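Open the model in your viewer and keep the selection panel at hand. The stops below go from single residues to the core and then to the whole chain.

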Amino acid sequence: ITFGLFVVLIVIGLNRSIAAMHLAVEQMERKPVPYFVFYLLLSGFIVFVMFFLIASDSFTWQSMLFIESGVFLILNLIYIWRLSSRGYLTAKFDRVASQDYVRFSAPLLGHAGALWAISFFDSFVIAELVDIESVGVYSVAHTISLGISLIHESAHRAWQPILFRMMQSGSVIERKKIIRYTWIYSVLVVISADFYLAAAWLVVSFFLPPSYAEMFDFLPFLVFGFALLGMYRFVASYFYHYGDTRVLTFVTIASSLIHVIITLVLVSTFGTVGAAYAVLVS
């Protein structure tokens, strides 16, 4: 781990913060297409380069960091230019708004940390209880499965402003619509997971060498685990609307603790596939 890699990690962190800023503007203006295009270009280019590097036997974990930082930086510059041309890049301090922001956001630090634990704890356990090679295969499957999560995230961000407007109306009819839309979305998530898994199987079979065939044992569990996370995000919007972010933090921290325990137990019992079981359960 070199100084250059630390710089790349800092660049990635800053890029994610900048992306959260300009994508929030697109979201609240109810412009889902720029939001979707951003993540489509980001994930599409990263996955394309990743497959190319694996197929040419040039893939390293460092290369993923450099790819992500480079693509993020280019896309963010384009979107920052969009914000500037629309007059958004102005600064003004508002004490009341700042206090509201802290009250709303502070509990979400625990929420984000818990989601991080669910996403990345598996790799540490596999490295300790199985071997490093299995971590590599599992990480590729995890990255492929993450693609469906990006699709759900885009749909969730597009839905949030519509949800907030419907909730603010206070109408019982509007709230019943919200519940109906939530069920429809959940069904579509399951259907999309089936299609995504089939597409991933075709792409992986075509591009990756036979040494990666092991990932088919746990890819379905990871894909449907991320599909369930997509359902969770949709319902979590209700808590965002009411400012009940402490509830979200409690739920995700509890889930992450369960995840840590069952990952240790299942990987010890079943090997690498146990980590995929744990993702689905948690």
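A residue counts as buried when its relative accessible area is under 20%, as exposed when that area is over 50%, and as partly exposed in between. The coordinates to which this is applied are those of a predicted model.

**Stop 1: Ile184**

Select residues 172-207, which form helix H6, and pick out Ile184 within them. Is Ile184 buried, exposed or partly exposed? Its relative accessibility is 44%, so Ile184 falls in the partly exposed class. Now add Ser85 and draw a C-alpha to C-alpha distance: the viewer should give 37 Å for this pair, whose sequence separation is 99 residues.

**Stop 2: Leu73**

Go to helix H3, residues 61-85, where Leu73 is located. Leu73 is also partly exposed, because its relative accessibility is 42%. Select Asn15 as the partner this time. Along the chain, Asn15 and Leu73 are 58 residues apart, and their C-alpha atoms are separated by 6.3 Å.

**Stop 3: Leu228**

Helix H7 covers residues 219-241 and contains Leu228. With a relative accessible area of 40%, Leu228 is partly exposed. The distance to draw here runs to Gly147: 14 Å between C-alpha atoms, for a sequence separation of 81 residues.

**Stop 4: Phe51**

Select helix H2, residues 32-55, and show the side chain of Phe51. Its relative accessible area is 7%, so Phe51 counts as buried. Which residues does Phe51 touch, not counting those up to four places away in sequence? They are Ile144, Val203, Val204, Phe207 and Leu208. For a long-range reference, select Leu257: the pair Phe51 and Leu257 is 206 residues apart in sequence, with 33 Å between the C-alpha atoms.

**Stop 5: the nonpolar core**

Two of the residues touched by Phe51, Ile144 and Leu208, reappear among the best-connected members of the largest nonpolar core. This core has 61 residues, and the ones with the most contacts inside it are Phe38, Leu42, Ile144, Leu208, Met215 and Phe218. Colour helix H5, residues 132-168, to see where the largest share of the core comes from: this helix supplies twelve residues.

Next, centre the view on Phe218. Once neighbours within four places in sequence are set aside, the contacts of Phe218 are Val137, Tyr138, Ala141, Thr272, Val273 and Ala276.

**Stop 6: the whole chain**

Clear the selection and switch to a cartoon. How many helices and strands are there? The protein has nine helices and zero strands, which gives the pattern α-α-α-α-α-α-α-α-α along the sequence. The radius of gyration is 20 Å, close to the 19 Å of the globule rule for 282 residues, so the protein is as compact as a globular protein of that length. Turn the C-alpha trace to its principal axes, along which it spans about 55 × 40 × 30 Å.

Contacts between residues at least 6 apart in sequence are worth listing as a set: 78% of them join residues at least 24 apart.

**Stop 7: surface and charge**

Switch on a surface. The protein exposes about 15900 Å², with 72% supplied by carbon and sulfur atoms, while 40% of its 282 residues count as buried. Finally, colour the charged side chains: 16 are positive and 16 are negative, and the centres of these two sets lie 20 Å apart.

Conventions. Residues are numbered from 1 along each chain as its sequence is written. This is a predicted model: local features need pLDDT of at least 70, side-chain atom pairs count only at pLDDT 80 or more; totals for chains, interfaces and linings use all residues. Side-chain values use heavy atoms; hydrogens and water are left out. A nonpolar core is a set of buried Ala, Val, Leu, Ile, Met, Phe, Trp, Tyr and Cys residues joined through side-chain atoms within 4.5 Å. Buried means under 20% relative accessible area, exposed over 50%, partly exposed in between (1.4 Å probe, protein chains only). Helices (H or I, at least four residues) and strands (E, at least two) are DSSP runs, numbered from the N terminus. Contact means heavy atoms within 4.5 Å. The radius of gyration is taken over C-alpha atoms; the globule rule is 2.2 Å times the number of residues to the power 0.38. Accessible areas come from the Shrake-Rupley method with a 1.4 Å probe; for residues, only the protein chains shown count as cover. Lys and Arg count as positive and Asp and Glu as negative; His and the chain ends are not counted. The place of a charge is taken as NZ of Lys, CZ of Arg, CG of Asp or CD of Glu.
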